Amino acid sequence: MYHFAWIYEPPHKCVDWFIHKRIHSRKQFSTEALCKGGSFAVVRFQAMSKMVSEAVDTADLSKSDDTKPVIPSQLHSEEVEGSFLKSIIVPYVWPHIEYSSFTHVPRFQEICGVRLMPKQDETVEELMVAEAWSDSSKPAPMRAVNFILSLMFHLGAFIGSEAFYIIIFPYIFWNVDARLARHMMTFWGLSMYIGQYFKDHLQLPRPFVLNKRVRSLESAWVAEYGFPSTHTIAIVGQAAIIVYETYQQDYEGKGEYPIRFALATSALVIFCTTAGRLYLGVHSVPDLVGGGVVAVTLFGVYISLEEKINNFLTKHMESMWIPPIFCVILLLAYPRLKHWSPAFGDTAVILGACNGMWITQYLFTVEALPLDWRTMPALSWFLLSTSRLVIGFGAVALIRIIVKTTMRTILLAIFGKNGNPPEERYEIDIPTKFVCYSSVSVFAIAVAPYIFSMLSLTG
């Protein structure tokens, strides 16, 4: 019965053909291979991916044409030889991802108003699902009909994305509390690196790859692997850091912290983000659970080292040169797939932003609140912080364009052109993003405050 470690029948008729075709075949998974060393250490996800692909090719599609699992050619598994981590995690996580992809995800999408549309023509098959606010006259294989849920879950997805944090971190540095932003950003960088590393190392597929009934409502991350959910890692980790740090700070000095309100707000935001990943069809329940486990575990480790990290960044000159070396080592250690990995590029952005912040804290530490929102009138603080945000981001965007263009030009001159776009070449895209966002972060923390002072944008 060893084969059940990999494949068991999800309670959905659309995979009956899959079980029937392969459940009794032991050519790919011999007893010796499965039990070698007393474990599943030699079971490879590459073999599983091949099995699924073969089953798709040989299946009787007349029974399940509308629900046939598909493996897109750009999402193939690449073996990581000698990977103890992969051989331990994948055999136990994979069955649950498969099960959830055929049960939880399509059911949740259906409950939330994602409807299967009658097939009108052959060209419809390649389209993404149509959103609730899109033109209903245009054909689509599936359509979201609940406007409120679509809006809420897309907003939750944005709150957990890299783009949101690239915006919110400078805002907190400029207008709220530099210490809070420092810890939020440090935890974000470390936790997201681990999450992205697991994604490209384990190479576990997203639900819409396994089950055609699941349609992705999101195109930004469809080329990435699924486990664990980095949106979950980000939102759970940031919620925990914000509540913990603001509780420790006691800004009002009265010893009264609205802990219930803080926890309720955090729970709501976490729900919107995590449930949104199911609704959008890009994650299964095990992906979300895995992301939550990573975030909670790292948070426990981080708070035990919090003061040491803070003292190192703000009081030791070594913090100006050790972080770049640390980040370069992390990037060199990152799994480099044969095909282009968007997750690798996002990792370079994240580490670049954190690196720029880390190397500036020794010389540009702001101990007091950037704007004392405790004493300022609310309207005055809002207008001032909004002005800082607009002007600061205008300057930051200009720096980003200059550095990105310069770096890409230099690297193309060094490595030349090979037919692939620069943003899909590791040797060009990764250094460009790392240097670019390091420069943006340095500018936002070290230079932008002087611009605010010259423009009298101070409290």
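I'll start at P228, which sits in the loop between helix 9, residues 207–210, and helix 10. The model here is a predicted one. In it, the peptide bond from F227 to P228 is cis, and its omega is near -5 degrees. As background, most peptide bonds are trans, and most residues other than glycine have a negative phi.

That second point brings up two more residues. Q203 is not a glycine, yet its phi is positive, about 55 degrees. Q203 belongs to the loop between helix 8 and helix 9. Is Q203 buried or exposed? Its relative accessible area is 1%, and the limit for buried is under 20%, so Q203 is buried. The other residue is S456, again not a glycine, with a positive phi of about 60 degrees. S456 is in the segment after helix 16. S456 has 58% relative accessibility, and exposed means over 50%, so S456 counts as exposed.

Now the chain as a whole. The protein chain has 16 helices and two strands. Of its 459 residues, 50% are buried. Take the contacts with a separation of 6 or more: 78% of them are accounted for by residues 24 or more positions apart.

One residue to look at in that light is V105. V105 is in helix 5, residues 104–111. V105 counts as buried because its relative accessibility is 0%. In sequence, V105 and H283 are 178 residues apart, while their C-alpha atoms are 7.8 Å apart in space. Leaving out residues up to four places away in sequence, V105 touches S100, P207, V214, L278, G281, H283 and S284.

Next, D200, which lies in helix 8. What is the nearest side chain of opposite charge to D200? That is K199, 7.8 Å away; D200 is buried and has no salt bridge. With residues up to four places away in sequence again left out, D200 touches Y225, Y334, P335, L337, S341, A343 and F344.

On to the empty spaces, beginning with the largest pocket. Its volume is about 750 Å³. Which elements give two or more residues to the lining of this pocket? They are helix 7 (162–175), helix 8 (178–202), helix 10 (230–249) and helix 11 (259–279). The lining of the largest pocket has 26 residues, and those nearest the centre are I242, V243, T246, T265 and S266. Sorted by class, the pocket lining has 22 nonpolar residues, four polar and no charged ones.

There are also enclosed spaces. Searching the whole structure gives six cavities of 30 Å³ or more. The largest cavity holds about 150 Å³ of space. It is lined by 15 residues, with I166, P170, M185, S441 and A444 closest to its centre. Which helix gives the most to this lining? Helix 7 does, with six residues. Helix 15 (378–415) and helix 16 (426–454), along with helix 7, each supply at least two residues of the lining. By class, the lining of the largest cavity comes to 14 nonpolar residues, one polar and no charged.

To put the two spaces side by side: helix 7 is among the elements lining the largest pocket, and helix 7 also helps to line the largest cavity. The pocket lining has no charged residues, and neither has the cavity lining.

Terms used:
Residues are numbered from 1 along each chain as its sequence is written. This is a predicted model: local features need pLDDT of at least 70, side-chain atom pairs count only at pLDDT 80 or more; totals for chains, interfaces and linings use all residues. Side-chain values use heavy atoms; hydrogens and water are left out. On a 1 Å grid over the protein atoms alone, a cavity is a set of points where a 1.4 Å probe fits but cannot get out, and a pocket is an open set with protein on both sides within 12 Å along at least five of seven lines; lining residues have an atom within 4 Å of a point. Grid points are joined across faces, edges and corners, and a volume is the space filled by probe spheres set on the points. Helices (H or I, at least four residues) and strands (E, at least two) are DSSP runs, numbered from the N terminus. Ala, Val, Leu, Ile, Met, Phe, Trp, Tyr, Cys and Pro count as nonpolar, Asp, Glu, Lys and Arg as charged, and the others, Gly among them, as polar. Buried means under 20% relative accessible area, exposed over 50%, partly exposed in between (1.4 Å probe, protein chains only). Lys and Arg count as positive and Asp and Glu as negative; His and the chain ends are not counted. A salt bridge is a side-chain nitrogen of Lys or Arg within 4 Å of a carboxyl oxygen of Asp or Glu. Contact means heavy atoms within 4.5 Å.
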